[in-house]
Amino acid sequence: MPSPLPSSQHRPRVAPRAASRALALALAVGAVAASPAWAGPSDALHVYGGLGYSYDDNLFRLSDEAPGYDSQRSDSSRQSVVGVLFDKTYSRQRIQAQGKLSKVAFSHFKQLDYDGKDFQGTWNWQLANHLEGSLGATYAQTLAPYTDFQSRERNLRVQRRQFGDAAWRMHPSWRVRGAASRDKYTYELSAQRYNDRTEDALEAGVDYLPRSGSTAGLVVRRLSGKYLNERILGGVLRDDDYEQDELKARIVWRATPTTTVQTLAGYARRKNAQSGPRDVSGFNGRVTASFNPRQKLRLNSAVWREFSAIENYFYTFSLNRGASAGASWDASAKVRVDANMSLEQRSYEGRLLDNSPEDLSDTLRQASVGASWSPLQTVQFSTSFIHQERSGAQFLGNGSFKANTVSVNANAQF
């Protein structure tokens, strides 16, 4: 779900789930797609509201051969949103908060109508000249994507996150860091509650800070996943808890004044509490690059190889390999055009049944283009088109599909 915070504002880091966030965006049913304009740099409190319309020609991500529910695959929805933003710096302490309520109503599948909620708060703190960090929490309630399971029922997903981090500049060229976070996922649909889980992360690291502005360091991280409801397979209760240990290099390379490359990559080992899914290990990480050849043109790209939880009954996680590229162009002072594309292959590693394929995989492709127009500093209109394809994983029943989403939105901020 896109945030109504302006792109120049810092937002708390959310645990990496690139595939699921792309799929949730493709549904385009959770919120207004555009970001409201910034009311003024001296204002701390802002109130905003918006209206939107979306049309999706394959709302439930049904396979190409499926006729659809009620012989219908498409649907449109209307969205309304209201919220507040707060951003103020007190001496060296910066407080940021956001609260957003949205209402989504569908034209045909009215059982999906829901109220969305999005709350965020962050305290960016600093003590003296060498110690700084952040402390915050987020809460988001939205409609879960239907990519990995088949149903026509409403399935709201709630994600709660608490996080904190601290960094000590013990030397002009050296910094030590530590961080902790907890993510909790819960699902409304009883048939999906085996996905209810918490993910606790602890990390520590050290960074070298040369005068060039680049950074290079190491980070050690442990991720502990605990499932709140045991699933039953073959009459046997399963324990799907896991632990993942990582040792990675963290590099920010300011290659040129217009080019920055960021890397968080290294070795990861994922160990499962119960036999069944095999333990896996190997290279794990993400590399992103941004290139701003002109003031009005911004380019970005990324490649990744990461383990990720999936919302499926027979597999608990996947190994995702992917790449993405995007561009943002300020066509004028009031018009911006954005385009993005991504390709991701998911290999299903967390096999729970002996008769399930060991080499099951699928491929997700997505492309989007959008434009926004801000006739006034506090008013914005936007439109977007998203195309999504999936191929493979026929064993799971939902198989290959194509989907197109169109949305139109209007926002105002005061």
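A salt bridge here is a side-chain nitrogen of Lys or Arg within 4 Å of a carboxyl oxygen of Asp or Glu. Side chains of opposite charge can pair when their charged atoms come close. The model is predicted, so local features need pLDDT of at least 70 and side-chain atom pairs count only at pLDDT 80 or more, while totals for chains, interfaces and linings use all residues. Residues are numbered from 1 along each chain as its sequence is written, and side-chain values use heavy atoms, leaving out hydrogens and water.

Salt bridges come to 29 in this structure. One of them joins Asp-115 to Lys-103, with the closest N and O atoms 2.7 Å apart. This pair links distant parts of the chain, with Asp-115 in strand E4 (residues 114-127) and Lys-103 in strand E3 (residues 93-106), 12 residues apart. Strands (E, at least two residues) and helices (H or I, at least four) are DSSP runs, numbered from the N terminus. As for cover, buried means under 20% relative accessible area, exposed over 50%, and partly exposed in between (1.4 Å probe, protein chains only). Asp-115 is partly exposed at 37%, and Lys-103 counts as partly exposed too, at 47%.

Another salt bridge brings Asp-148 and Arg-346 together at 2.7 Å, N to O. Here 198 residues separate the partners: Asp-148 sits in the loop between E5 and E6, and Arg-346 in strand E17 (residues 335-348). Asp-148 counts as buried because its relative accessibility is 11%, and Arg-346 is buried with 3%.

Arg-221 pairs with Glu-246, and in this case the closest N and O atoms are 3.5 Å apart. Arg-221 belongs to strand E9 and Glu-246 to strand E12 (residues 242-256), 25 residues apart. Arg-221 is buried at 17%, and so is Glu-246, at 8%. Both take part in a network of salt bridges that also links Arg-177, Glu-203, Lys-248 and Arg-250.

Then come the rings. A pair of aromatic rings is described by the distance of the centres and the angle of the planes. Rings of Phe, Tyr and Trp (its six-membered ring) pair if their centres lie within 6.5 Å; planes under 30 degrees apart count as stacked, over 60 as edge-to-face and the rest as tilted. The structure holds eight such pairs. Phe-60 and Tyr-69 meet edge-to-face, 5.2 Å centre to centre with 90° between the planes. Phe-60 and Tyr-69 are both buried, and they form one aromatic cluster with Phe-109, Tyr-146 and Phe-149.

Trp-174 also turns up on the surface. Together with Leu-127, Leu-131, Trp-168, Met-170, Val-206, Tyr-208, Leu-218, Val-220 and Leu-247, Trp-174 forms a nonpolar patch with about 910 Å² of accessible area. Strands E6 (156-171), E8 (197-208) and E9 (215-227) each give two or more residues to this patch. Patches are made of residues with over 30% relative accessible area and no salt bridge, with like charges joined within 9 Å and nonpolar side chains (Val, Leu, Ile, Met, Phe, Trp, Tyr) within 5 Å. Accessible areas come from the Shrake-Rupley method with a 1.4 Å probe; for residues, only the protein chains shown count as cover. Patch member Leu-131 is found in strand E5 (residues 131-143) and is partly exposed, at 30%.
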